[in-house]
Amino acid sequence: MQNLQVDGDRLWASLMAMAEIGALPGGGCRRLALTDEDKAGRDLFVRWAKAAGCTVTVDRMGNIFARRPGRDNSLPPVVTGSHLDTQPHGGRFDGVYGVLAGLEVVRCLNDRGIETEAPIEVSVWTNEEGTRFPRSMVASGVFGGKYDLEEALAITDLEGRSLGAELARIGYAGEAPCGGRPFAAFFEAHIEQGPVLEAEGRTIGIVTGAQGQRWYDAVLTGQDSHAGTTPMAMRRDAVFGMAHLIAAVEALVAEHAPQAVGTVGEIRVVPNSRNTVPGRVEFSIDLRHPDPAALLRMHGELHRRLPEIAAAAGLELDLRDVVQVPEIRFDADCIAAVRDAAAALGLPAREMLSGAGHDAMY
């Protein structure tokens, strides 16, 4: 088993075939969760998994489990996987690599006629990105007991379509319970999504855990007025006010450098007219830090500073906590397995926390 290697060419070909679904002109992919493109990616994976001799189960959150039987199928499975949905401007490897790497392990074992003691499963988790339905890793969160099933199915996109309805529309509203069964272990192979490994010339990141994160939704309300006839001193401009709030977020993150990160990734302006002073703006805030105490301090300061700035500008602020993901430390035995494998193969590696959230956290 120590000399067993996957077929890299076959894995690459599978990745490139999946990348054709939702392909973008610049080389990336757009497969938003539960869209027709996501369905096409899921369908392709299911066909490949069945061709590899796996049985496929879909649970009520649309999570897919492709199972290769073992010698003793009463044992809990060893599971590996990730997600197929992408960001609006997603890459070819984010998420999908972890799914297809797991499938390649199954194919490799088949090629050599190797029977494992316990079953192996390859998983596809629904709506990991949280881009279309605003709660990232929601389906693995339901599986792990973090979120309520019915509340998760009721989450809606910007057009008001619910996650549950869209699962049914694309044919992936499964009947199996979501969660409630053991895994022997879970591994999620992933690209780093950042520059650290490449900058250091290392191949493998031995991920020991993931940093905590908090998401917020902010609504800033002022007054619509004419862009040409309203004097500056008499305006209640929500966008200019938002600019001050965003600057405050940037300053807050700088105070907790170098480990803190902050992002304002969504902005919606109302009425979004070129010659109207905007009276309302909605925007998101994403704060992350590997130290739970530091993240809690940032949370408190955000709720203190932003209302003060809004009030000074004569604006009303509604700041809501949307998601809190605690810092996670992964299982020591699983970490050791990755560390030992990298050493045995002579691959340059380093231990690191993941800056991004992943389904493995739940």
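**Sheets and helix packing in a predicted model**

Good morning. I begin with strand 6 and strand 15, which pair in the parallel sense over six bridges. Strands and helices here are DSSP runs numbered from the N terminus, a strand (E) having at least two residues and a helix (H or I) at least four. Two strands are said to pair if DSSP finds at least two bridges between them.

Before going on, I should state that this is a predicted model, in which local features need pLDDT of at least 70 and side-chain atom pairs count only at pLDDT 80 or more, while totals for chains, interfaces and linings use all residues. Residues are numbered from 1 along each chain as its sequence is written, and side-chain values use heavy atoms, with hydrogens and water left out.

Strand 6 and strand 15 belong to an open sheet of three strands, with the order 14-6-15 and mixed pairing. Strand 14 (328-329) and strand 15 (349-354) stand at the edges with a single partner strand each, so one side of each has no neighbour in the sheet. On the other side of the pairing, strand 6 (residues 204-210) is joined to strand 14 by two bridges, and these two strands run antiparallel. Glycine 209 is a useful residue to select on the screen. Its bridge partner in strand 14 is arginine 329, and its bridge partner in strand 15 is leucine 353. Helix 10 (residues 332-344) lies across strand 6 and strand 15, and runs at about 170° to strand 6. Contact here means heavy atoms within 4.5 Å. Axes are lines fitted to C-alpha atoms, for helices over the stretch in contact, and angles run from 0 to 180 degrees between N-to-C directions.

I turn to the sheet of five strands. This open sheet has the order 1-2-4-3-5, again with mixed pairing. Its edge strands are strand 1 (55-58) and strand 5 (185-187), each of which pairs on one side only. From one strand to the next, the twist averages 25°. Within this sheet, strand 2 (residues 64-68) and strand 4 (residues 120-124) run antiparallel and are joined by five bridges. There, arginine 67 has glutamate 121 of strand 4 as its bridge partner. Helix 2 (residues 36-51) packs on the sheet and touches strand 1, strand 2 and strand 4, its direction making about 10° with that of strand 2.

Next, the helix pairs. Two packed helices are described by the angle between their axes and the distance between the axes. Helix 1 (residues 8-19) and helix 3 (residues 96-112) have axes that come within 10 Å and cross at roughly 140°. That makes helix 1 oblique to helix 3. The cut-offs are under 35 degrees for roughly parallel, over 145 for roughly antiparallel and 65 to 115 for roughly perpendicular, the rest being oblique. The crossing of helix 1 and helix 3 is right-handed; a crossing is right-handed if the near helix is turned clockwise from the far one by less than a right angle, and left-handed if anticlockwise. Among the contact residues are Leu11, Leu15 and Met18 of helix 1 and Tyr97, Leu100 and Arg107 of helix 3. By class, this contact of helix 1 with helix 3 has eight nonpolar, one polar and four charged residues. Ala, Val, Leu, Ile, Met, Phe, Trp, Tyr, Cys and Pro count as nonpolar, Asp, Glu, Lys and Arg as charged, and the others, Gly among them, as polar.

How do helix 8 and helix 9 pack, and at what angle? Helix 8 and helix 9 (residues 292-312) pack at about 150°, with their axes 10 Å apart. That makes helix 8 roughly antiparallel to helix 9. This crossing, too, is described as right-handed. The residues that meet include Leu245, Val249 and Leu252 in helix 8, and Leu302, Leu306 and Ile309 in helix 9. The contact of helix 8 with helix 9 divides into ten nonpolar, one polar and three charged residues.

Finally, some details of the backbone. The peptide bond from alanine 257 to proline 258 is cis, with omega near 5°, and proline 258 lies in the loop between helix 8 (238-255) and strand 9 (261-263). The bond from valine 270 to proline 271 is also cis, with omega near 10°. Proline 271 lies in the loop between strand 10 (267-270) and strand 11 (276-277). Leucine 34, in the loop between helix 1 and helix 2, has a positive phi, near 65°.
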